[in-house]
Amino acid sequence: MIQIEALPAFTDNYLWLLQDGRQQRCAVVDPGDAAPVLQWLAEHPGWRLTDILVTHHHPDHVGGVTELKKACGARVFGPALETIPGRDVALEDGQSIEVLGLEWRILHVPGHTLGHIAYFHADPRQPLLLCGDTLFAAGCGRLFEGTAQQMHHSLSRLAALPDDTLVYCTHEYTLSNLRFACAVEPENPAISNRLAEVTRLRAASAISLPTRIALEKQTNPFLRSAEAAVRQVAATRSGSENLSEEAVFAAIRGWKDQF
Ligand SMILES: [Zn+2]
């Protein structure tokens, strides 16, 4: 089994470092900055960075790719539909790749950007998801390029993954996301309990990730468009009844943009 460590970058990014201790090799997800990775490698002599996994083209996810590739000779994987610096392997939905001896299936999850991909490792002992800026703990990425309908479909695919899947998203947004989730569903005890827990974690400067699919289905308003309470608040805010699930999602996403 690999170890996964968060290397903080910028103000609220995490560069996930996947570590294969037996062979002392590692892979990094979305290195927006090379420095934290190079520092980790300098502190761990004997280790090699073999692979770089990119989910989408935003600068805080690809800014360190060229420098790391040059320094370490790592292979660069990235979405086929976007321009990714130094990309060696262009990935499309349904493809599988092997990284650190594990198989990863590619999911095309447009919405935040149009070519955004996620990497899913289906090991029944511990499924893993690297989902960039698509699904966040108690939230989801902004719709910079795609439509609400596309994002709703992408999130539905992620929500259909096994309940115990560990979800590695790339920003520490959990606390503000949960404050919004409480506004959407003030009567949902799973959300208020999680808000209390994450408030404690963040007060101690502890990381709130990874999350799990099961917890997201209970507490993430963007995975709960079918729930009566969420439908009701979306109807009230949009002034129309009988909204489709996509329209509920769009209403909640629009509200969050101004929250
Ligand atoms: Zn992004």
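**Reading a helix face, a buried side chain and a sheet**

Modeller: Let's start with helix H1 (residues 35-43) in this predicted model: its buried residues are Pro36, Val37, Trp40 and Leu41.

Biologist: How do I read where they lie around the axis of H1?

Modeller: Look at the arc they cover around the axis. Here that arc is only 135°, so these buried residues sit on the same side of H1.

Biologist: And what covers the buried residues of H1?

Modeller: For that, we look for elements in contact with them. The cover includes strand E1 (3-9), E2, strand E3 (25-29), strand E4 (48-53) and helix H3 (65-72).

Biologist: Let me pick a residue in strand E2 (residues 13-20), namely Asn13. Is Asn13 buried or exposed?

Modeller: Buried means under 20% relative accessible area. Asn13 has 6%, so Asn13 counts as buried.

Biologist: Which side chain does the side chain of Asn13 make a polar contact with?

Modeller: Its partner is the side chain of Asp60, at 3.0 Å. Setting aside neighbours within four places in sequence, Asn13 also touches other residues, among them Leu7, Pro8, His61, Thr170 and His171.

Biologist: Now a sheet, please. In what order do the strands of the open sheet come?

Modeller: Read across the pairings: 6 strands run in the order E7-E8-E9-E10-E13-E14, with mixed pairing. At the edges are strand E7 (96-99) and strand E14 (211-212), each of which pairs on one side only.

Biologist: How many bridges join strand E8 to strand E9?

Modeller: There are 4, between E8 (residues 102-108) and E9 (residues 117-121), and these two strands run antiparallel. To find a bridge yourself, take Leu107: its bridge partner in E9 is Ala118.

Technical notes. Residues are numbered from 1 along each chain as its sequence is written. This is a predicted model: local features need pLDDT of at least 70, side-chain atom pairs count only at pLDDT 80 or more; totals for chains, interfaces and linings use all residues. Side-chain values use heavy atoms; hydrogens and water are left out. Buried means under 20% relative accessible area, exposed over 50%, partly exposed in between (1.4 Å probe, protein chains only). A polar contact is a pair of N or O atoms within 3.5 Å; within protein, one must be able to donate a hydrogen and the other to accept it, and residues adjacent in sequence count only if both atoms are side-chain atoms. Contact means heavy atoms within 4.5 Å. Two strands pair if DSSP finds at least two bridges between them. The arc is that of the directions from the helix axis to the C-beta atoms.
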